[in-house]
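Thanks for coming. I will walk through one structure today, and you can follow along on the screen.

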Amino acid sequence: MDRNIESETGGTGHVTRKAVLRAALAAGLTAPAVLMGVPALARTLTGSEVPPALTPACDDGDDPTPPQTEGPYFKPNSPRRTSLVDASTPGTRLTVSGYVFGLACRPVAGALLDFWQADVNGAYDNTGFRFRGHQFTDASGAFRLSTIVPGLYPGRTRHIHVKVQAPGRPVLTTQLYFPGEPRNNTDSIFDPRLLMTVRDAGGAREAAFDFVLNVPQHPGPSPTPTPTGTPGGTWAAGTAYRPGDSVTYGGRGYACLQAHTAQAGWEPPNAPALWRLL
Ligand SMILES: [Fe+2]
């Protein structure tokens with residue numbers, strides 16, 4: 001464990017009304033949450049403009065989530081887990097939840113999110129995997145991380161690092177920020193487009209953020225099909241497929257393009273990098 005001064009450079013940006021609306025809508029926040037816990041909204045919206053709470057939605061080809069520097073403390077091979085804490089972990093409990101969308105605002109199922117952050121004292125675990133973990137979005141494109149509010153360390157404002165990757169697509173490396181942090185004004189890497197919405201929840205914090213990946217999508221009459229019950233074909237999660245293998249799914253035939261072990265969310269129609277329609 002080291003206390004470090006992180007040397008990172010990055011861009012700056014601005015909050016767009018569209019982005020804020022999307023975040024609020026897609027986060028599925030209740031009306032009180034939208035009204036109470038969204039300093040980001042306060043930057044651009046008046047009270048009369050606060051959107052109503054709706055089910056996840058996304059209106060158009062919104063700007064992709066901006067990338068940021070990885071910094072010096074990323075480690076590959078983090079454990080797959082949605083919680084980075086246990087009962088003895090010091091720090092203010094924090095949940096971060098949201099959705100991963102593509103350019104057509106359709107949810108991306110099976111997207112990989114790899115989080116890493118400092119502990120309550122502002123230190124990264126560079127020998128082990130404390131406060132490091134990856135997970136995949138579910139069939140609705142949703143994710144949820146249980147952690148603590150990261151501590152501050154010299155040179156940076158409060159932040160959480162994350163890498164996000166749709167199946168078979170390039171990795172987005174970026175960082176998430178907390179509203180109302182004094183150092184947001186002096187950290188040259190800070191980007192308000194990456195502000196989470198955060199609210200208090202009984203001594204804990206609940207944060208929301210939606211990612212928009214630079215993933216082409218074809219707008220359709222319905223969201224990405226959500227497999228329910230039995231998959232319609234020979235494709236099966238947990239199966240190791242090799243290039244050239246063929247399966248059926250939803251009444252169509254597909255050929256495997258890349259060796260992989262199938263998992264929920266990577267059904268052939270959702271994973272064009274893995275499966276070619278026959
Ligand atoms: Fe950092």
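Let me begin with a single pair of residues: Thr 248 sits across from Gly 253, which belongs to β14. Keep in mind throughout that this is a predicted model. The pair is part of a longer match, since β13 and β14, residues 252-256, are joined over four bridges in the antiparallel sense.

Where does β14 stand in the sheet order? The order is β13-β14-β16, three strands in an open sheet, with antiparallel pairing. The edges are held by β13 (246-249) and β16 (275-277); each has a single partner strand, so one side of each has no neighbour in the sheet. From one strand to the next, the twist averages 40°. As a general reminder, strands of a sheet pair through backbone hydrogen bonds, either parallel or antiparallel.

Now the chain as a whole. It has 278 residues, and 37% of them are buried. Three helices and 16 strands are assigned. Among contacts with a separation of 6 or more, 70% join residues 24 or more positions apart.

Next, the confidence. The mean pLDDT of the chain is 79, and 73% of the residues reach 70 or more. Residues 1-57 have pLDDT below 50, and this stretch has 108 contacts in the model beyond near neighbours in sequence. Residues 222-230 also have pLDDT under 50, with 11 contacts beyond four places in sequence. I will leave both stretches there and turn to the core.

The largest nonpolar core holds 40 residues, and those with the most contacts inside it are Val 100, Val 108, Val 164, Met 196 and Leu 213. Several strands give two or more residues to this core, among them β2 (93-101), β3 (112-116), β7 (159-165) and β8 (172-177). Which of the elements gives the largest share of this core? That is β2, with five residues. There is also a second, separate core of 11 residues, including Tyr 241, Tyr 254, Cys 256 and Trp 266.

Back in the largest core, take Leu 213 as an example. Leaving out residues up to four places away in sequence, Leu 213 touches eight residues by name: Pro 64, Val 100, Gly 102, Val 108, Val 164, Ala 166, Arg 169 and Leu 172. Val 100, Val 108 and Val 164 have also come up as residues with the most contacts inside that core.

One of the strands feeding this core deserves a closer look, and that is β3. Four of the five residues of β3 are buried, so to speak of it as mostly covered is fair. Which strands pair with β3? One is β5, residues 132-136, joined to β3 by five bridges and running antiparallel. Another is β7, again antiparallel and over five bridges. Leu 113 shows both pairings: Leu 113 stands opposite Gln 135 in β5, and its bridge partner in β7 is Val 164.

Last, a residue outside the strands. Phe 178 lies in the loop between β8 and β9 (197-201). Is Phe 178 buried or exposed? Phe 178 counts as buried, because it has 21 C-beta neighbours inside 10 Å and the cut-off is 20 or more. Beyond four places in sequence, Phe 178 touches Arg 158, Met 196 and Val 198. Phe 178 and Met 196 are 18 residues apart in sequence, while their C-alpha atoms are 5.8 Å apart in space. Met 196 is itself one of the residues with the most contacts inside the largest core.

That is the end of the tour.

Technical notes: Residues numbered from 1 in each chain as written. Predicted model: local features only at pLDDT ≥ 70, side-chain atom pairs only at ≥ 80, totals over all residues. Core = buried A, V, L, I, M, F, W, Y, C linked by C-beta atoms within 7 Å. Buried ≥ 20, exposed ≤ 12 C-beta atoms within 10 Å, placed from the backbone. Contact = placed C-beta atoms within 7 Å. Pairing = 2+ DSSP bridges. Axes fitted to C-alpha atoms, helices over the stretch in contact; angles between N-to-C directions. pLDDT = per-residue confidence, 0-100.
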